[in-house]
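Here are some short exercises to help you find your way around a new structure. Try each task on your own, then read through the solution.

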Amino acid sequence: MSKLIIKRILIMLPLLWLIATLTFFLLRVLPGGPFDAEKNLPPEIIANLKAKYHMDRTLPEQYYIYLQRVVKGDLGISYKYLDRSVNDILASALPVSLTLGIAALFLAIIIGVPLGIVAATKKGTAIDAMCIICSTLGVSLPSFVIGALLIFVFGIWLKLLPVALWESAWHVILPAFTLASGPTAYLARLTRSSVIDALSKDWVRTAQIKGEPYLQTVINHALRNALIPIITVLGPLSAILITGSFVVETIYAIPGMGRFFITAVSNRDYDLVIGTTLIFALLLIIANTIVDILYHILDPRITISD
Amino acid sequence: MMKNRTYLAKIAGCIIFILCLIAILSSFGFPFTPYAFDQTSEHILEAPSAQHLFGTDELGRDLLTRIIYGSQLSISIGFLTALIASIVGITYGAIAGFAGDRIDTFMMRGIDLFYALPDLLIMILVGIIIGRGTLGILLALGLVSWMGTARLVRAQFLTLKNEEFIEAARACGASSWTIITRHLLPNALSPVIVSLTFIIPSAILAESTLSFIGLGLSPPACSWGTLASEGWRALRTEPHLILWPSLFIFMVVLSFNLLGDTLADTMDPKTRV
Amino acid sequence: MLKNFCKSTPFLLIGLVLVMTNLANKQTPRFEANTLRINLGCEPPSLDWAKATDAASFDVVSNIMIGLTSYANDLSCRPACAESWQILDHGKHYIFHLRPNIRWSDGKPLTAYDFQYAWRRLLDPKTAAPYAFFLYDIENAFAYNQGKLKDANELGIRAINESTFEVRLSRPIAYFLYLTAFCPTYPQRQDIIERYSNNWTDPGHLVCNGPFILTKWQHEYKIELTANPSYYAAKPSLKTIKMFMIPEQSTAFALYENNQLDFIDNRSLPTSEIDRYRKSGCNEYRDIALLRVSYLGFNIEKKPFDNVKVRRALSLAIDRERVCRILRHGEKPIANLIPPPLLGHSDFSTEQSYNPKLARNLLAQAGYPEGKNFPQTFLLYPHREDTRLLVEVMQDELKRNLNIHVDLLNQEWQVYLQTLRNNTPPIYRYAWGADYPDPDTFMNLFTSHNGNNNTHWSNKTYDQLVSLAGCEANPVKRATLYKQADYLLCKQDVPIIPVNTAAQNMLIKPWVHGIIPNALDLQFFSSVGIGD
């Protein structure tokens, strides 16, 4: 286990370095810079600004300066939010995004997995079809439309839940549902097929012949074995949650990290973009490592390559 | 036993077929509505009526016409993204899987890199650099959707490679190229086809998200995604602006998903998801 | 177990809904006592008023700070920190006398040295303040900001004593007083800035002299201001202002409808809702024309727009009234650059600005009868909600009236700015908002050396007129000069086609009193009250 973790860290470091480098240069390729504004500033002022942020140096020099800082754990400064460091900005936004993401993942599991089990046990019937359609509804509409619909129905029409903002636990419900819509469908589909698969196994049949109640069989044997593919999928799911977070955070006015992908890129806030990307990449890698460890615990027979 | 599912899949297949037909016919200039060649009128933001079945938009354009034209772009973006993803994915996966060892490990690290970079960032960067034409969007969507296919193909290759019939082919003196194209690929294709049916709908959805962000197609070109993102704020005052485009997105995405599910069920039970 | 769970699910769900309905029906009050809740739209990039340049930051700063002067409701300058001032040497020498009773929120008295420090800091190249150039007309300011002059004492900025502040200008600009009401010129505290350096704008550190103080700043989410007990003038009746940062219009609007915001403006109003409120005649709705002009610019070096006849033809072919009808934001058509009610604006008349027949004639004279052989060309515009509609109408107008087809090219905002400056497209869409209520802020744009003049148009007469008008003390003479320049720009040479002025649309809840909007779109809340 510890070997696995050490190995992961060893792979992670060059990967993060590659990501930082790639993003650094890709961003500089973009036309436009952080100091272009609707009201064009005089060249003298631009010169002052560039000097202040070391942007008058050559690109390799800037890259060197950046790397030096990152190694020390300093992700740089924001050009848009003056006088604020990227560490500072991300430190206040990350917990919010994590809360939202975990809430959504939780929702996806408690809705998607039961739907999948029911569909599998009633395979081929109308109930199966209903379950699959229900879970697919969530991935059949763009998330901004789902968000708008949820706000309209629950926030404005029924007045059951807060429309937006980030104040209490109630405020988490609608955004978490919006964010969970995609992963739920994914999980339901996966659970269904792995439970069907497991149910057709000999030992499940044996258990049934022995007179074990059907539901107990499903839970004790089929679901347990079906857990492995479900857990595998948690890694890619976190990626979906991350991509979805921008839309959801914007619609529900949530002060999370997702929105920096768009706003910071369009502001050409270089360091903030790289910082956000690095943190998200780190989260993904951690999620995948946890998945691998769970995998290992659930089924020690599986040896983990890389 | 599978009756219900196949029934659903048949309906889904019909819907997809009809929508594709509409898209193709309209691109050859088939006039579905009297407004096919007259996009502007003085009737701004009218609710659906006998004259304008789906209502009109802010510039007085017939929404039904716009949706029919939108189908061309939306559907072709879906298919082309899947095409790009499969070409890149199959090639990449085949090379990695066939070569194995060091090359394989190295290439898998490349995929890891792409997985670790958030999709959204890749799409934004490509969108900004290439610009907002169809090409930019295709590239952006293609770049984030090939990795799954590549992994699938590689996994298939790794297992198939050691099967007896490959050994046999090799013993007969077949070249690597022949082995890959004649023996390995055909046997690895079925999961790829299944995965394609999921790439298409997610590409259509991703395109609408791009429009929402502001990196979608540049007007006056329109797709269902741009129509939905232009209309969603008017949910309460002009619901038809958001209703119709979302309905079409909904139909096509749902159909593809159902079709894909059934394909996965029937084609090969080993290769689900 | 699963079976039981399945059976009980409907009951559980119903129970959950009941609980939630109960919670929701717990009659939430319509408003919070003495609290105004508004939407800033985005995070203010900086609350350091020497460095801020954007509306969100100014909205906060103008409620926590006052400068030498401040704007009255009609946008004239009235005394604020300065009790009175003298203008000497034909408008090149200003002496401000400060009020004796003004204190900072930490109790220290405000002195002329705070102004001297603030203005010097604004001009210091190390501060890298974007808006330093507003003070370039002060003696030696340009050289100092460029770093060519090191000694701050040589600047035309001086605190004569604790209560007297002196400014010397290198040319007698007529609009100088407006600059003293502009956020970047507000006083600053040297001791605070030096003690906390980059963190001095955090709540608890920031010291201010306006009606409110900054008490809470949750980044990307909310700013809270509370009444400043040591404010020199009448204490505001509001105790708290909550400024949320809600990026999405329709979300902010939904919050307003649910009584969670008390006052919203364009930042929070989807177009279709503006329309609905305006038509319903609801008394919550208000609008005001802004000093913001949107225009199409030509690159006059690119064919066929090097021909003045083509440019005039295009200008005459646009039905600005139809454009405004389609935009639905309360825009007003305009055919000149100076918007009303500024000095020197020209009245809009449809006959003079929309004449398709004459436009076709001009186009024919230029060699493109009925739009024949008109070269392929494109219009560049940035991706922003309102611009998309505008350019789509433009395309349609030109097609209908001149039978010419113009492609639309859309670029992401920053790319668009870059293209505009480095490789100006044949036609582009732009808008300019006034920094101060004076025609100079608009007319200066198209002088030959202005960095925002992307048209490549350069006209000596125009430059002269604008520079003369800028230093003219007599308002009547100024107006005439500006009108001449405006005619030259928009009717004669036509490097730009002004299309419309923007408007601010607002919804104000009935329990909010005393919101007085102004054309500069500065929002002051010191006189706002809450109650039925």
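**Exercise 1.** Find the helix that holds C:Arg322, and decide whether this residue is buried or exposed.

*Solution.* Keep in mind that you're looking at a predicted model. Start with the location: C:Arg322 sits in helix H10 of chain C, which covers residues 320–327. Next comes accessibility. The relative value for C:Arg322 is 5%, and the cut-off for buried is under 20%, so C:Arg322 counts as buried. Last, look for a partner: the side chain of C:Arg322 is in polar contact with the side chain of C:Asp396, at 3.1 Å.

**Exercise 2.** Work out how B:Arg151 is placed and what it touches.

*Solution.* First, the element: B:Arg151 belongs to helix H6 of chain B, residues 147–161. Second, its accessibility is 37%. Buried would need a value under 20% and exposed one over 50%, so B:Arg151 is classed as partly exposed. Third, leave out residues up to four places away in sequence, and B:Arg151 touches B:Ile111, B:Asp112 and B:Tyr115. Take B:Ile111: it's 40 residues from B:Arg151 in sequence, yet the two C-alpha atoms are 8.4 Å apart in space. With B:Asp112, the side chain of B:Arg151 makes a side-chain polar contact of 3.2 Å.

**Exercise 3.** Describe how strands S8 and S9 of chain C are joined.

*Solution.* Begin with the ranges: S8(C) spans residues 212–218 and S9(C) spans residues 222–227. Now the direction: the two strands run antiparallel, with six bridges joining them. For one facing pair, look at C:Phe212, which stands opposite C:Ala227 in S9(C). Finally, the link: the strands make a hairpin with three residues between them. In that turn, C:Glu220 has a positive phi of about 65 degrees.

**Exercise 4.** Characterise the interface between chain A and chain C.

*Solution.* Count the residues first: chain A brings 45 and chain C brings 56. Then the area: together the two chains bury about 4600 Å², with 60% of it on carbon and sulfur atoms. Now the pairings. There are three salt bridges across this interface; one of them links C:Glu43 and A:Arg84, with N to O at 3.5 Å. Residue pairs in polar contact number 14, counting those with both residues at pLDDT 80 or more. On the chain A side, several helices supply at least two residues each, among them H6 (143–157) and H9 (214–232). The most comes from H2(A), with five residues. By type, that side of chain A divides into 25 nonpolar, eight polar and 12 charged residues.

**Exercise 5.** Do the same for chain C and chain B.

*Solution.* Here 27 residues of chain C meet 21 residues of chain B. The buried area is about 2100 Å², 49% of it on carbon and sulfur atoms. Next, the charges: the count is four salt bridges, including the one between C:Arg388 and B:Glu230, whose closest N and O atoms are 3.5 Å apart. Five residue pairs are in polar contact, both residues being at pLDDT 80 or more. Which elements of chain C give two or more residues to this side? They include helix H7 (249–257), H10 and strand S15 (406–411). H13(C) has the largest share, eight residues. Sorted by type, this side of chain C has eight nonpolar, six polar and 13 charged residues.

Methods. Residues are numbered from 1 along each chain as its sequence is written. Chains are lettered from A and ligands numbered from 1 in the order in which they are written. This is a predicted model: local features need pLDDT of at least 70, side-chain atom pairs count only at pLDDT 80 or more; totals for chains, interfaces and linings use all residues. Side-chain values use heavy atoms; hydrogens and water are left out. Contact means heavy atoms within 4.5 Å. Buried area is the accessible area (1.4 Å probe) that two parts lose on being put together, summed over both. A salt bridge is a side-chain nitrogen of Lys or Arg within 4 Å of a carboxyl oxygen of Asp or Glu. A polar contact is a pair of N or O atoms within 3.5 Å; within protein, one must be able to donate a hydrogen and the other to accept it, and residues adjacent in sequence count only if both atoms are side-chain atoms. Helices (H or I, at least four residues) and strands (E, at least two) are DSSP runs, numbered from the N terminus. Ala, Val, Leu, Ile, Met, Phe, Trp, Tyr, Cys and Pro count as nonpolar, Asp, Glu, Lys and Arg as charged, and the others, Gly among them, as polar. Buried means under 20% relative accessible area, exposed over 50%, partly exposed in between (1.4 Å probe, protein chains only). Two strands pair if DSSP finds at least two bridges between them.
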